[in-house]
Amino acid sequence: MTRPSSSTSRPRLADLGVPSGAFARGPANAITDVRGVRVGHATLHGDGLHTGVTAIVPDALAAERRSLPANLSVGNGYGKLVGATQLRELGALETPILLTSTLSVFRVADALLGHLLATPAHARTTTLNPVVGETNDGFLSDIRRRAVGEEQVAAALAAAAPGPVAEGAVGAGAGTVALGYKGGIGTASRLVEVAGRACTVGALVQTNFSGTLRIAGVPLPAEELLADEPAQPVGNSCMIVVATDAPVDGRQLGRVANRAVFAMRGVGADYAQGSGDYAIAFSVHEQHGPAADDDLSPLFAATMDAVEEALINSVLAAETTVGPEGQTAHAVPIDRVRERLARAGAI
């Protein structure tokens, strides 16, 4: 089995010269631009596997803050999202958010629960809602082995760090495919003013869905850009995590999460029947009353821009990956992308 290349030459959307739109990108152009949000990966490449786990860790979930305002949007509910109903019912996030492979999601949830119950902050905890999402990496990985568990969860949590975030075929994106190409993990952020406050909104995605890739409105169909290759794989799900420091409550975060799902259409998603498309949004703002609904339009727009860029970054960053039986997900060819974007006047 061939591992993804370790090349660092693949560009992000900003590197291609595509403008950020109405809102500036954050310093790292990542979900970690939201203060106190860290990301870590644990990745398994080899021995029939391309899989892993990605952890989004809000430091605000410390002993003094047992939950953060949060909510969920279900674009299409063909998925195994652990902890979904409490996110929606209570509008609260109690744990880090972990992303992984479909058949490993239950082992990962149990490992996350065990990890947290062993901490001093949860010495007396008798109820806790671990949140774990997934997409299906079975095209490139031996998914039935359910290889992701306690060891990988501990490693991803330990690796969680601020600053730049590894993208592409890493962590929960190691074996995913999207829009006819190799998919994976992507992230982006925007700086936005909400109710007179300077705020940040960041997104991290795990892409594994079907459709025709579009960048800056320019179609980039795999059957044309990869015309010399066999038919490309079709993915079937997407997980989106949105973090912000804007003063919004759980109800309003449901509206933010809706816009995150809407953003998938901007990159060409077809929202297929078997696709599990979910967005989770949370805020680290110390609540002193939420902003008025009339002040949220900039946050909605910035969320859609950040998510759309994160989705594109997940594909741009991903390297060609070959599964245990020779099945191949090809990287999007960057030279052909540049050529088409330039021809369309997008860069």
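**Arg340 and Glu224**

I looked up the exposure of Arg340 to begin. Arg340 is partly exposed, at 22% relative accessible area. This is a predicted model, so I take every value here as computed. Next I checked the partner of Arg340. I found a salt bridge to Glu224, with the closest N and O atoms 2.9 Å apart. Arg340 sits in helix H7 (residues 334-343) and Glu224 in helix H4 (residues 222-225), so the bridge ties together parts 116 residues apart in sequence. Is Glu224 buried or exposed? I noted neither: Glu224 is partly exposed, with a relative accessible area of 42%.

**Arg145 and Asp47**

I moved on to Arg145. Its side chain makes a salt bridge with Asp47, and 3.2 Å separates the closest N and O atoms. I placed Arg145 in the loop between strand E6 (131-135) and helix H3 (150-159). Asp47 belongs to the loop between E1 and E2. The pair therefore ties together parts that are 98 residues apart in sequence. I then looked up accessibility for both ends. Arg145 comes out as partly exposed, at 37%. Asp47 is exposed, because its relative accessible area of 62% is over the 50% cut-off.

**Asp59 and Arg38**

Which residue does Asp59 meet in a salt bridge? I found Arg38, at 2.8 Å from N to O. Asp59 lies in the loop between strand E2 (49-58) and strand E3 (68-77). Arg38 lies in strand E1 (residues 37-46). The two are 21 residues apart, and I logged the pair as a link between distant parts of the chain. On accessibility, I have Asp59 as partly exposed at 38%. Arg38 is also partly exposed, at 22%. That 22% for Arg38 is not under 20%, so I did not enter Arg38 as buried.

**Salt bridges overall**

How many salt bridges does the structure hold? I get nine. The pairs entered above are among them: Arg340 with Glu224, Arg145 with Asp47, and Asp59 with Arg38. I also noted a network of salt bridges that links Arg25, Arg190 and Glu309.

**Aromatic rings**

I turned to the rings last. How many aromatic pairs are there? The count is zero. I then looked for a charge over a ring. Arg259 lies over the face of Phe300. The distance from the ring centre is 3.9 Å. I entered this contact under Phe300, with Arg259 as the charged partner.

Note on methods: Residues numbered from 1 in each chain as written. Predicted model: local features only at pLDDT ≥ 70, side-chain atom pairs only at ≥ 80, totals over all residues. Heavy atoms only, no water. Phe/Tyr/Trp six-rings, centres within 6.5 Å; stacked < 30°, edge-to-face > 60°. Lys NZ or Arg CZ within 6 Å of the ring centre and 35° of its normal. Salt bridge = Lys/Arg side-chain N within 4 Å of Asp/Glu carboxyl O. Helix = DSSP H or I, 4+ residues; strand = E, 2+ residues; numbered from the N terminus. Buried < 20%, exposed > 50% of the residue type's maximum accessible area, 1.4 Å probe, protein only.
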